Each structure stands twice: as C-alpha cells, then as structure tokens.
Amino acid sequence: MDMIKSIKGVKDILPEETPRWRLIEDAARRWSLCFGYQEIRIPIFELTALFARSIGAATDIVEKEMYTFPDRDGTSLTLRPEGTAGTVRAFIEHNRAANPLPQKYFYIGPMFRHERPQAGRLRQFHQFGVESFGTSDPRADVEVITLLWRLLSDLALPDLTLEMNSLGSSGDRAAYTPILLSFLSQREPQLCANCRRRMNTNPLRVLDCKVPECRAATEEAPQLTSHLSPEARLHFDHVLAGLTAVGVPYRLNPRLVRGLDYYCLTSFEITSTHLGAQNAVGAGGRYDGLVETLGGPSVPAVGFAVGLERVSLMLPETSSSFGNEYLYYVAAFGENGTRLGLVLLDELRRMGLSSLCDYRATTLKAHLRQADRSRCHYAILLGDDEAARGSIILRNLESKAQEELPLAGLSSLLKSRRPSL
RNA sequence: GUGGGUGUAGCUCAGUUGGUUAGAGCGCCGGAUUGUGGAUCCGGAGGUCGCGGGUUCGAAACCCGUCACUCACCCCA
C-alpha cells in the first residue's frame with residue numbers, strides 16, 4: 001500500500017522545533033499585550049466573497065492562490081490567505097465600532113496560499129499580525145511599526161531593514177498613475193517582458209521590478225511620494241518624525257509597493273538579507289477604507305503581518321537551542337519497586353514536578369540510560385532494597401551525588417525544595 | 001504556471017570506465033558491567049538504490065518517462 005504523505009507545501013513542526021516556535025509566539029504575545037493589543041481568534045475559513053472584496057479581485061492572491069471549495073450547499077468557501085479580512089469582518093459583525101475606540105487586536109495562526117513552495121514560502125504558513133482600529137493619527141502608524149521593530153529586535157534577528165513609503169490616498173494614486181504611465185511608455189523598449197505586461201495590470205509594480213535593466217530604466221521615473229496631496233505628505237512626515245523620535249531606524253524606499261488593494265498612505269516592510277529571495281519578514285500599512293468597503297462604518301485602521309516561518313529561519317540558534325527538560329526520572333525496578341514507583345510517579349506529577357519513566361526498562365542500567373537521554377535533572381532510584389527500607393535514592397544526574405530519603409511524603413519534600421515550580 | 005538542481009539505511013553522505021552478497025559515520029537495540037547513565041570496545045537490527053520502462057550477458061550507475069523534494073521566476077509574510 002502506498003504511504004500517505006503530507007501535502008505539497010505543508011510542513012510538520014516536530015517536537016525538536018516546537019520550543020523555538022513557542023519562543024517566537026510567546027514574544028509576539030508579550031509585546032502585543034505590552035503595547036495594548038488584545039488577541040482575537042478568527043476562523044480559518046470564510047466566505048470567498050470576503051477575500052475577493054477586501055484583498056482585491058485582480059490580485060494574484062485572489063486570482064490564483066486561494067484554496068477555494070464549495071460547501072455542501074454550494075456556497076463558495078476559502079481557507080484564509082491572510083488575517084486582516086477576517087479580523088475586519090469580525091469587527092463589523094460584532095458591531096465593535098459601537099464600543100469605545102480605539103481598539104487594537106492581534107492574531108497568530110495558519111494561513112493558506114496555493115503557491116509553488118520555496119525557501120520561506122509554504123502553502124500552509126503562519127502569520128502573526130496586528131490591527132489598530134479607530135485612529136487616523138500618524139502616531140498609530142508609528143505604534144504598530146514600533147511594535148514590529150521591538151519584537152523582531154527582541155528576537156535578535158540579524159540585519160533587519162525597515163523600508164518606508166507612502167502610497168498616498170486613492171485620489172493621489174489615480175492622479176499619479178497616468179503620469180507614471182506616460183513616463184513608462186517612453187522607456188517601454190528597455191523594460192522586461194514582465195514589466196510591459198505590468199504596465200497594464202499594475203503599473204506601480206514596475207518600479208518594484210528586480211531586473212537591473214528595469215531598475216535603470218525607471219531610475220528617473222516620477223515618484224509617487226513627490227505627487228502626494230498635502231494631507232498625505234503631512235501624514236507621512238509625521239510618521240517618519242515619530243519613528244526618528246522613538247529611535248526606530250528606517251530607509252525610504254519610493255519603489256515599495258504593497259500587493260493588496262486595501263492599502264493607502266503609510267506602507268512599510270521589514271526585510272533581511274538572510275532569507276533568500278523571499279526577503280520580507282513582515283510588512284503592513286494603513287487601510288483606512290477597508291472597514292467601510294466591507295460594509296462597516298468609516299473607521300481608519302493600520303496594521304501589519306509577520307511571516308513566522310521566516311522569523312524561524314532567521315532565529316539565532318543560541319536563543320532556541322534549549323530542548324524540553326524534565327525534573328525527575330523514576331527508576332522503578334524489581335517487583336515491589338515497580339509497584340511503588342507507579343504511585344510515586346503520579347504523586348510527583350500531581351505536585352507539578354515534571355517526571356518521566358520508561359516502562360520498558362527492567363534494569364537500573366536501562367533506566368539510567370533513559371534518564372540521561374531524556375534530559376532529567378534527577379533520578380529517583382526505587383528497587384526492591386529501597387522498597388523494603390521504605391526509602392528511595394535521589395541521584396543528581398550531573399554531579400552523581402546521591403542521598404537516601406524516605407518514600408513517605410517524598411513528593412511534598414521535593415516540592416518544598418522547589419517552591420518556584 | 002515556467003525553469004534549474006537533487007533523489008542510496010531513521011539522519012548526513014560514499015559508491016571507480018556498467019561487474020559477484022550496496023558501504024561509512026552518526027543514531028537505534030543488545031553485550032562487556034546480574035543495582036548505577038554519558039566514555040570505550042564488541043555485536044545486532046535496519047535498504048522496493050524515488051517509481052515505471054528501455055539498453056545490456058550484467059544497471060544504484062547509461063537512456064526515456066514519471067513522481068517527490070529543493071532553489072529560483074511570478075507573487076508575497
């Protein structure tokens with residue numbers, strides 16, 4: 001019979017790796033709560049229309065990357081490709097805008113996109129993201145960017161760069177696009193085939209092309225940031241000034257374009273040179289119109305998302321080299337020792353003292369080998385000799401020091417030695 | 001969707017111009033040590049050589065196809 005294997009582009013996170021994932025997730029939760037963001041848990045599937053309407057029907061995500069399937073009654077459902085749409089939907093559905101604003105949420109969980117897997121890109125991947133609702137003040141932009149920067153810095157990720165841009169209002173972009181197009185059409189022969197196609201589909205993306213010839217050809221292209229409305233310009237200046245004030249370093253990147261339709265004004269991305277081609281660790285921006293687009297009140301919002309696989313790829317080994325550790329190994333052997341050991345093991349665990357035993361082992365030697373391998377700090381030796389004396393031998397597995405202790409009340413005694421646990 | 005690279009033991013990999021029974025290190029199990037772990041020594045288990053077809057007296061090796069993994073394009077976190 002053929003072995004059933006996992007689906008292309010999905011990964012098992014094995015016990016050896018879960019400690020590093022907990023480290024990342026714990027840091028994300030800690031920093032979020034510290035900044036006043038509260039956790040929200042939303043479904044991993046939604047009506048397809050939600051994503052089509054929010055992300056943009058013409059984007060790659062919606063056009064060809066969604067896991068979409070019919071429910072039994074025929075309605076089209078989709079595994080979430082990102083977290084903002086569902087968070088906004090929940091915000092509207094529960095009429096959260098009737099509660100005092102601002103409201104700040106964060107989420108952690110799996111997302112799904114049907115792409116060809118490569119380094120740092122999977123079909124099921126994990127994102128941590130935040131959404132700040134109700135504040136159009138640029139300090140809200142500064143806050144989410146600062147949260148992202150503090151988190152990634154805390155995790156000691158190497159060589160991070162924060163890139164900043166402003167996409168202006170939708171009106172600004174509408175006014176700018178023809179200006180850009182007239183420039184591009186002059187240079188069209190120098191552009192790559194992809195960019196000539198992009199001129200029709202998404203002209204802003206031409207500025208973001210990696211092909212050197214395209215970069216050279218667009219070197220002197222008119223920049224969106226020099227065609228911003230006064231309000232958008234002022235907002236952007238305040239965001240940049242705020243970042244400087246709190247000491248978050250950034251680099252202006254006028255070519256930075258976000259792929260999702262709902263972004264406006266502030267747009268940012270944090271990249272690292274340690275990631276291969278998919279070099280964005282986290283990215284986000286402002287999306288003031290999205291809540292209204294999805295049928296809610298007019299509520300400004302700003303947020304970001306972080307790719308946790310990419311964080312994990314960059315996480316220094318030193319900060320995650322610990323494995324799972326346990327306190328006690330109960331080496332119970334012999335007829336009476338085995339019987340008493342079963343009860344002792346349970347008593348230790350009820351005290352909250354992590355304890356292991358390999359029930360296959362019948363000799364002390366085999367027990368100690370298991371105790372060593374399983375990273376326990378102490379072994380509790382309980383054979384028939386000890387059983388007859390009503391005692392155990394507590395062995396420190398690092399120092400090899402042993403002491404004999406009474407079996408009665410042992411778990412309480414050991415607990416009192418480690419009150420912090 | 002398009003292109004490149006790689007598929008041999010649980011893991012990392014050798015395997016000569018095609019030649020007998022496919023190897024090593026690590027890991028695993030056991031013994032040396034019948035109540036004391038990690039070190040050492042000895043032994044053992046573990047393989048459809050990704051899969052299918054072809055060439056050949058003979059294929060892990062050569063050819064064709066296919067699948068998987070991987071990197072990159074596209075796009076994105």
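What is the volume of the second largest pocket? In this predicted model, the second largest pocket has a volume of about 360 Å³, and its lining is made up of 18 residues, among which K11, E17, W21, L122 and E309 are found nearest the centre of the pocket. Two elements of secondary structure, strand 6 (124-133) and helix 12 (308-314), each contribute at least two residues to this lining, and it is helix 12 that gives the most, with three residues. In chemical character the lining of the second largest pocket is mixed, since it divides into seven nonpolar, six polar and five charged residues.

The overall form of the chain was considered next. Chain A contains 16 helices and 16 strands, and the domain assignment divides it into domain 1, which is given in two segments (18-168 + 228-318), and domain 2 (326-417). The C-alpha centres of domain 1 and domain 2 are separated by 49 Å. Taken along the principal axes, the box filled by the C-alpha atoms of chain A comes to roughly 95 × 55 × 50 Å. The radius of gyration of chain A is 28 Å, whereas a compact globule of 421 residues would have a value near 22 Å. Of the 421 residues in chain A, 49% are buried. Among contacts in chain A with a separation of 6 or more, 68% are accounted for by residues 24 or more positions apart.

Enclosed space in the model was also examined. The count of cavities of 30 Å³ or more comes to one, and about 40 Å³ of space lies in the largest cavity. The lining of the largest cavity is formed by N165, L167, L204, L207, L224, P254, R255, L256 and V257, and these residues divide into seven nonpolar, one polar and one charged.

Several of the residues that line the cavity recur in the surroundings of R173, a residue of helix 6 (residues 170-187). When residues up to four places away in sequence are not counted, R173 touches L167, G168, L204, L224, Y263 and C264; of these, L167, L204 and L224 also belong to the lining of the largest cavity. R173 counts as buried because its relative accessibility is 17%, a value under the 20% limit used for that class.

A contrasting setting is found for K210, which is placed in the loop between helix 8 (203-206) and helix 9 (212-217). K210 has a relative accessible area of 67% and is therefore exposed, the limit for that class being over 50%. Once its neighbours within four places in sequence are left aside, K210 is in contact with R215 and A277.

D237, in turn, belongs to helix 10 (residues 230-246). With a relative accessibility of 35%, D237 counts as partly exposed, because that class covers values between the limits for buried and exposed residues. Although D237 and P138 are 99 residues apart along the chain, their C-alpha atoms are separated by 8.9 Å. The three residues thus fall into separate classes of accessibility, with R173 buried, D237 partly exposed and K210 exposed.

How values were computed: Residues numbered from 1 in each chain as written. Chains lettered and ligands numbered in written order. Predicted model: local features only at pLDDT ≥ 70, side-chain atom pairs only at ≥ 80, totals over all residues. Heavy atoms only, no water. Domains from an automatic or database assignment. 1 Å grid on protein atoms, 1.4 Å probe; cavity = no way out; pocket = protein on both sides within 12 Å on 5 of 7 lines; lining within 4 Å. Points joined across faces, edges and corners; volume = space filled by probe spheres on them. Nonpolar A, V, L, I, M, F, W, Y, C, P; charged D, E, K, R; others polar. Helix = DSSP H or I, 4+ residues; strand = E, 2+ residues; numbered from the N terminus. Rg over C-alpha atoms; globule rule 2.2 N^0.38 Å. Buried < 20%, exposed > 50% of the residue type's maximum accessible area, 1.4 Å probe, protein only. Contact = heavy atoms within 4.5 Å.
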